[in-house]
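Please load the model in a viewer and keep the selection panel open. The stops below say what to select and what is found there.

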Amino acid sequence: MMRRDARLLILGNWKMHGLSADLAEARAIDSIAADHPALTVGLAPPFTLLLRMVGQTEHLSIGGQTCHDAVQGAYTGQISAAMLAEGGADFVILGHSECRVSPDDNGPRLSAKVQAAQEAGLGIVLCVGESAAQHDAGEAEEAVVAQLAASLPPGDEAAPQLVIAYEPVWAIGAGSVPSPEAVEGVHCAIRSWLAGRYGQAGSAVAILYGGSVNAENVAALLAIEAVDGVLVGGASLSAESFGAIIRAAARG
Ligand code: PGA
């Protein structure tokens, strides 16, 4: 479902937004997705809305925004990949830069989460992206490849469930996106690393762009050959703005 040769992926991350009333937005987004079956459209709501969103939508992939690496245990406030899967989630976002500020979402802990999500059968949307300082130093590709290497578990099992979201930290919520050449350069570096690591299965991993995606810039981003979809934050919160992105993506 989330392979690069399948369909463009248009995913929304609601972050810590959304109360019951906002399920109406998800239902409206679901109707728009139904009109565009050539796209895979998904939303990652807060945990409190996840089960209801699964129940109230038909055409959306629904995901969690993170998970713990253990299946269960004495971890107050945490949620496991198995719990997300049982609740009807199709995927989980891992390694978002807003989570990577914690040591629990970096290095071995993050790769253990990727493995837990793989074992639970979830799609894994693994976020990577350089900081503003790394961007300014011209080190985006090295930074992103180092994050990939540190975030993926040993073995090849995760590859078929993997999606990579390239999200330059400096572009998130900033209103500006990198140049098409810069996005293409990083996406190609990610793809060649994945192909080296996983062979054919790595070449089939979808690579999304995220960071200030909106209805005005999405067509240009998706026109980049190496971009297989987008991960949208703020502009995914309403059917008006996310619908405009879905329609623009479908027009190509
Ligand atoms: P943004 O967020 O679209 O609001 O920039 C993207 C993200 O953090 O996934």
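Select His59 first, in the loop that runs between helix 2 (47-56) and strand 3 (60-64). The model is a predicted one. Is His59 buried or exposed, or in between? With a relative accessibility of 41%, His59 counts as partly exposed. Beyond the residues up to four places away in sequence, His59 touches Asp30, Ala33, Ala34 and Val41. For a sense of scale, draw a distance from the C-alpha atom of His59 to that of Gln118: the two are 59 residues apart along the chain and separated by 23 Å.

Step into strand 3 and pick Ser61. Ser61 is buried, at 5% relative accessible area. The C-alpha atoms of Ser61 and Ala89 are 7.4 Å from each other, with their positions 28 residues apart along the chain.

Next, select helix 5, residues 107-119. Does the length of helix 5 fit its number of residues, or what span should its 13 residues give? At 1.5 Å a residue they should span 18 Å, and the end C-alpha atoms are 19 Å apart, which agrees. Colour the buried residues of helix 5: Gly107, Leu110, Ser111, Lys113, Val114, Ala116, Ala117 and Gln118. An α-helix has 3.6 residues a turn, so residues three or four places apart point the same way. Show the partners of these buried residues as well: helix 3 (81-86), strand 4 (91-94), helix 4 (97-100), strand 5 (123-128) and helix 7 (140-151). After helix 5 comes Gly121, with a positive phi near 80°.

Move on to Glu130, which sits in the loop between strand 5 and helix 6 (132-136). Glu130 is a charged residue, yet its relative accessible area is 1%, so it counts as buried. What surrounds Glu130, its neighbours within four places in sequence left aside? The contacts are His135, Ala140, Ala143, Val144, Tyr166, Pro168, Val169 and Trp170. With Trp170 there is also a polar contact, side chain to side chain, at 2.9 Å. A distance drawn from the C-alpha atom of Glu130 to that of Gly18 reads 28 Å, for residues 112 places apart along the chain.

Now take helix 8, residues 180-198. Its 19 residues reach 26 Å from the first C-alpha to the last, close to the 27 Å expected at 1.5 Å a residue. The buried residues of helix 8 are Val183, Val186, His187, Ala189, Ile190, Arg191, Trp193, Leu194 and Tyr198. Which elements do they pack against? They pack against strand 5, helix 7, strand 6 (162-166), helix 9 (200-203), strand 7 and helix 10. Just after helix 8, look at Gly199, where phi is positive at about 65°.

Go back towards the start of the chain and select Leu8, in strand 1. At 26% relative accessibility, Leu8 counts as partly exposed. Apart from neighbours within four places in sequence, Leu8 is in contact with Ala38, Leu39, Thr40, Leu222, Val227, Asp228, Gly229 and Ala249. The C-alpha atom of Leu8 is 22 Å from that of Val114, 106 residues away along the chain.

The last stop is the ligand. Show the residues around it: Asn13, Lys15, His96, Glu167, Ile172, Gly173, Gly211, Ser212, Leu231, Val232, Gly233 and Gly234. This shell divides into 3 nonpolar, 7 polar and 2 charged residues.

Which atoms of the protein lie at short polar distances from ligand oxygen atoms? Three to display are these:

- Glu167: an N or O atom of the side chain, 2.7 Å from a ligand oxygen.
- Gly173: a backbone N or O atom, 2.6 Å from a ligand oxygen.
- Gly234: a polar backbone atom, 2.9 Å from a ligand oxygen.

Taken alone, the ligand exposes 280 Å², and the protein buries 94% of that.

Two residues of the shell deserve a look at their backbone angles. Lys15 has a positive phi of about 50° although it is not a glycine, and it lies in the loop between strand 1 (8-13) and helix 1 (23-34). Ser212 has a positive phi too, near 60°, and is likewise not a glycine. The loop of Ser212 joins strand 7 (206-210) and helix 10 (218-222). Ser212 is buried, at a relative accessible area of 16%.

Methods: Residues numbered from 1 in each chain as written. Predicted model: local features only at pLDDT ≥ 70, side-chain atom pairs only at ≥ 80, totals over all residues. Heavy atoms only, no water. Near = heavy atom within 4 Å. Polar contact = N/O pair within 3.5 Å; in protein donor to acceptor, adjacent residues only side chain to side chain. Areas by Shrake-Rupley, 256 points an atom, 1.4 Å probe, with all protein chains shown as cover. Helix = DSSP H or I, 4+ residues; strand = E, 2+ residues; numbered from the N terminus. Buried < 20%, exposed > 50% of the residue type's maximum accessible area, 1.4 Å probe, protein only. Expected span 1.5 Å × (residues − 1). Contact = heavy atoms within 4.5 Å.
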